[in-house]
Amino acid sequence: MSRERGSGSDPVYDHSGGERYSRRDPAGSSGFRIRIDKTQATILLCGLYIFFSLAGNIAATKVTYFGRLVMDAGFIYSMTFTWRDLIHKQLGKRAAITTIWLSAFVNLLAAMYFQIVVLMPAEPDWAANGGQAAWQFLFGIFETSGGPWWQSIFSLQLRIVLGSVITMVVAELIDTQIYHLWVTGWGRNRPQWARVAVSNAISIPVDSTLFPLIAFTGIIGFDAMIQMFQTNMVVKAIVTLLSFWTIYLVPEKPIFEQHGDDAKQN
């Protein structure tokens, strides 16, 4: 990332013919303009997507409520849908799919690492103050208190981790495909908010159904499963209605400077 100091010269254009930045603002005052290339844009966009995903899954270990709606605290995860759109717009469909798979791997790797931390011996004073119990409750995956081996494999914590990762991959890939078909087909000239409405109308029911089935089948009853599905649908629909406008924060044109082959591909 570099910064160009104003020098009073004419605006500079990129290889695609559009004005990317100017060395002097209309008022004639000098200043700094931040410029990034495609590699830097990729690191920034994909890195933040992985942060939203990982932070959301960790925060989901806390259960909170709004009125009568009980939900987990991982609501920052909803940012991944808009951020996925940003990656799709700026870097293309393949970059969006690669980021989804990488994010799933990072989440799974983090869960395994946290399990290793849980199994490490705890300092007595730290454990006596509840540190070990807290880590075991939040991040423990495999049951270590004894019993048949299959109880460890099918523990609730492990099912939640696997359900979260599998649901994320499936729902996000569906969202990516619907978005791609929409912007390259019939919805090409439609308002941008329609992209969110159409893709979410399909990916949200998938997400709301798949996760409870993987994580809680055999643990909660059928009526509770239906209630969980309905609550997830309502909450995510409300989030969509409140945040659909953020699609307009995602620019259509590249935010990075294009050079050589990059300009030709675009």
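This passage describes the overall make-up of a predicted protein model, then its aromatic pairs and selected buried residues.

The protein has 266 residues. Its secondary structure comprises 10 helices and six strands. Of the residues, 33% count as buried. The accessible surface comes to about 15,900 Å². Carbon and sulfur atoms account for 65% of that surface. Contacts across the sequence were also examined. Among contacts between residues at least 6 apart in sequence, 71% join residues at least 24 apart.

Confidence varies along the chain. The average pLDDT is 75, and 74% of the residues score at least 70. Helix 4 (residues 124-128) has the highest confidence, at 94. Strand 2 (residues 12-13) has the lowest, at a mean of 37. Over residues 2-33 the pLDDT is below 50. This stretch still has 47 contacts in the model beyond near neighbours in sequence. Where pLDDT is low, predicted coordinates should not be read in detail.

Aromatic rings were considered next. A pair of aromatic rings is described by the distance of the centres and the angle of the planes. The count comes to six aromatic pairs. One of them joins Phe-52 and Trp-83. Their ring centres lie 5.5 Å apart, with 75 degrees between the planes. The arrangement is edge-to-face, because the angle is over 60 degrees. Phe-52 lies in helix 1 (residues 38-59), whereas Trp-83 lies in helix 2 (residues 79-91), so the pair ties together parts that are 31 residues apart in sequence. Both partners fall below the 20% cut-off for burial. Phe-52 is buried at a relative accessible area of 11%. Trp-83 is buried at 19%.

A further pair is formed by Trp-135 and Phe-139. Here the centres are 4.8 Å apart and the planes meet at 50 degrees. This pair counts as tilted, because its angle is neither under 30 degrees nor over 60. Trp-135 and Phe-139 both lie in helix 5 (residues 131-139). They are four residues apart, about one turn of the helix. Their exposure was computed as well. Trp-135 is partly exposed, with 26% relative accessibility. Phe-139 is buried, at 17%. Both rings belong to one aromatic cluster, together with Tyr-113 and Phe-114.

Another ring, that of Tyr-179, is covered by a charged residue. Arg-84 lies over the face of Tyr-179, at 4.9 Å from the ring centre. Tyr-179 also appears among the contacts of two buried residues, His-88 and Ser-199.

His-88 is found in helix 2, the helix that also holds Trp-83. Its relative accessibility is 8%, so His-88 counts as buried. Leaving aside neighbours within four places in sequence, His-88 is in contact with Lys-93, Ala-96, Thr-176, Tyr-179 and His-180.

Ser-199 is placed in helix 8 (residues 192-216). Its relative accessibility is 2%, so Ser-199 is buried as well. Ser-199 touches Asp-175, Ile-178 and Tyr-179, with residues up to four places away in sequence not counted. Tyr-179 is thus contacted by His-88 of helix 2 and by Ser-199 of helix 8, while Arg-84 lies over its face.

Key. Residues numbered from 1 in each chain as written. Predicted model: local features only at pLDDT ≥ 70, side-chain atom pairs only at ≥ 80, totals over all residues. Heavy atoms only, no water. Phe/Tyr/Trp six-rings, centres within 6.5 Å; stacked < 30°, edge-to-face > 60°. Helix = DSSP H or I, 4+ residues; strand = E, 2+ residues; numbered from the N terminus. Buried < 20%, exposed > 50% of the residue type's maximum accessible area, 1.4 Å probe, protein only. Lys NZ or Arg CZ within 6 Å of the ring centre and 35° of its normal. Contact = heavy atoms within 4.5 Å. pLDDT = per-residue confidence, 0-100. Areas by Shrake-Rupley, 256 points an atom, 1.4 Å probe, with all protein chains shown as cover.
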